[in-house]
Amino acid sequence: VALTVLTLILGFTVTGYAQEGKKPPLSSRRIAGEFLAGVAGGTATALIPFYLFSKLYLIGGTNESKEWGLAYLGLMYLPVGYAIGSTAGVYLAGNVGNETGSFLKPLVGSSVVAIGGFWATWKLGWAAMATIPVLLVGVPTVATIIFNLTRKYK
């Protein structure tokens, strides 16, 4: 009776109180959804501006340095956009229901992976293009792992 009265008066539930300080259980479906949302968000966030910059490069003026500048700007946006989009996708998919997690920590981790991998690919030249699929999988994977390390109940 006392529990019912406290629930009605104070507006808290026993399950919410019991969950305080505990991490939600891991779910393989939820993790898969976070990862796929990270891949989709990263791809959209990276490729749309890259496409726009490449169009500007193709219709650029006669100034060759301006054209190359646009092309390099598009290439440099790929890892940054992919990291931001992947983290946003993971965060949005992970915040469904009664769970939440950090956005900033996965963003930092995925940015380090994306920028470091892009830099390594750039320095190694075209022979290192095989590392790109690793980056495409690695960035959302790191974002998903770090997000799940910071999970908690809302």
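Entry 1. I take partly exposed to mean a relative accessible area between the buried limit, under 20%, and the exposed limit, over 50%. By that reading I count Tyr91 as partly exposed, because its relative accessibility is 27%. I keep in mind throughout that this is a predicted model.

Entry 2. I searched the whole structure for aromatic pairs and found two. In one of them, the rings of Tyr91 and Phe103 have their centres 5.4 Å apart, and since their planes stand at 75°, I noted the pair as edge-to-face. I then looked up where the partners sit: Tyr91 belongs to helix α4 (residues 64–94), while Phe103 is in the loop between β1 (99–100) and α5 (104–124), so that the pair links distant parts of the chain, twelve residues apart. Phe103, with a relative accessible area of 31%, is partly exposed.

Entry 3. I turned next to Tyr91 and Phe147, whose rings form an edge-to-face pair with 6.2 Å from centre to centre and 90° between the planes. Because Tyr91 lies in helix α4 and Phe147 in helix α6 (residues 131–149), this pair ties together parts that are 56 residues apart in sequence.

Entry 4. Is Phe147 buried or exposed? I found a relative accessibility of 1% for Phe147, so I entered this residue as buried.

Entry 5. Putting the pairs together, I see Tyr91, Phe103 and Phe147 linked by ring pairs into a cluster.

Methods. Residues numbered from 1 in each chain as written. Predicted model: local features only at pLDDT ≥ 70, side-chain atom pairs only at ≥ 80, totals over all residues. Heavy atoms only, no water. Phe/Tyr/Trp six-rings, centres within 6.5 Å; stacked < 30°, edge-to-face > 60°. Helix = DSSP H or I, 4+ residues; strand = E, 2+ residues; numbered from the N terminus. Buried < 20%, exposed > 50% of the residue type's maximum accessible area, 1.4 Å probe, protein only.
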